[in-house]
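These are my notes on the model you sent, set out point by point. Please read them beside the coordinates.

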Amino acid sequence: MEEGEHTVVPISQNDVLALRAILQFYGTYLMQHKMPSVRWSSDITLLQVLLFKLSYVSSLPLLVEEVALMKDALSVFISEVKRRVPGTQGRDGVLESSEQLLRYINESFAV
């Protein structure tokens with residue numbers, strides 16, 4: 001792909017809503033479990049920008065760093081749900097959907 005070209009990847013409104021919720025969880029997770037650092041500050045800022053984009057823009061170009069942050073957020077969310085939430089049909093459905101979304105992002109964005 002040449003400089004300035006973009007790949008268009010469709011994502012459902014439900015997935016956008018799920019991503020926003022997971023990113024909000026990830027922001028709280030970072031605040032509670034990570035020590036402040038330059039990377040931490042950068043991730044928090046990037047998270048806020050990404051949440052804004054997902055809230056107000058219907059079609060948006062994503063930075064490589066934003067896609068990586070989404071992947072990190074989904075991975076942490078999946079591991080925390082597995083670790084903290086007792087096994088139920090609802091939990092398993094959330095995990096399956098989250099894992100599908102992570103796979104879709106991994107396949108759609110080569111980051």
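1. Ring pairs first. Phe 25, Tyr 26, Tyr 29 and Phe 77 are joined by ring pairs into a cluster. The model is a predicted one, and a search through the whole structure returns 4 aromatic pairs. One of them is Phe 25 with Phe 77, an edge-to-face pair with 5.6 Å between centres and 75° between the planes. This pair links distant parts of the chain, since Phe 25 belongs to helix 1 and Phe 77 to helix 3, 52 residues apart.

2. Cover on the two rings of that pair. Phe 77 has a relative accessibility of 16% and therefore counts as buried, the cut-off being under 20%. Phe 25 has a relative accessible area of 27%, so Phe 25 is partly exposed.

3. A second pair. Phe 52 and Tyr 56 have ring centres 5.0 Å apart and planes at 45°, so this pair is classed as tilted. Both residues sit in helix 2, 4 residues apart, which is about one turn of the helix. In an α-helix there are 3.6 residues a turn, so residues three or four places apart point the same way. Tyr 56 is exposed, because its relative accessible area is 64%, and the class begins over 50%.

4. Overall make-up. The chain holds 4 helices and 0 strands, in the order α-α-α-α from the N terminus. Of its 111 residues, 32% are buried. Taking contacts between residues at least 6 apart in sequence, 61% join residues at least 24 apart. The accessible surface of the chain is about 7500 Å², and carbon and sulfur atoms account for 55% of that surface.

5. Helix 3. This helix covers residues 64–84, 21 residues in total, and spans 30 Å from first to last C-alpha, close to the 30 Å expected at 1.5 Å a residue. Its buried residues include Val 67, Leu 69, Met 70, Leu 74, Phe 77, Ile 78 and Val 81. Charged names also appear among the buried residues of helix 3, including Glu 66, Lys 71 and Glu 80. What do the buried residues of helix 3 pack against? They pack against helix 1 (13–33), helix 2 (38–56) and helix 4 (89–108).

6. Asp 43. This residue is in helix 2. Is Asp 43 buried or exposed? Asp 43 counts as buried, because its relative accessibility is 11%. Leaving aside residues up to four places away in sequence, Asp 43 touches Leu 30 and Leu 69. Leu 69 is itself one of the buried residues of helix 3.

7. Glu 99. This residue is found in helix 4. With 26% relative accessibility, Glu 99 counts as partly exposed. Glu 99 touches Ile 78 and Lys 82, again not counting residues up to four places away in sequence. The C-alpha atoms of Glu 99 and Leu 74 are 7.9 Å apart, with the two positions 25 residues apart along the chain. Ile 78 and Leu 74 are both listed as buried in helix 3.

8. Confidence. The average pLDDT of the chain is 86, and 89% of the residues score at least 70. Among the elements, helix 3 has the highest mean pLDDT, 93, and helix 2 the lowest, 89. Where pLDDT is low, the predicted coordinates should not be read in detail.

Notes: Residues numbered from 1 in each chain as written. Predicted model: local features only at pLDDT ≥ 70, side-chain atom pairs only at ≥ 80, totals over all residues. Heavy atoms only, no water. Helix = DSSP H or I, 4+ residues; strand = E, 2+ residues; numbered from the N terminus. Expected span 1.5 Å × (residues − 1). Buried < 20%, exposed > 50% of the residue type's maximum accessible area, 1.4 Å probe, protein only. Contact = heavy atoms within 4.5 Å. pLDDT = per-residue confidence, 0-100. Phe/Tyr/Trp six-rings, centres within 6.5 Å; stacked < 30°, edge-to-face > 60°. Areas by Shrake-Rupley, 256 points an atom, 1.4 Å probe, with all protein chains shown as cover.
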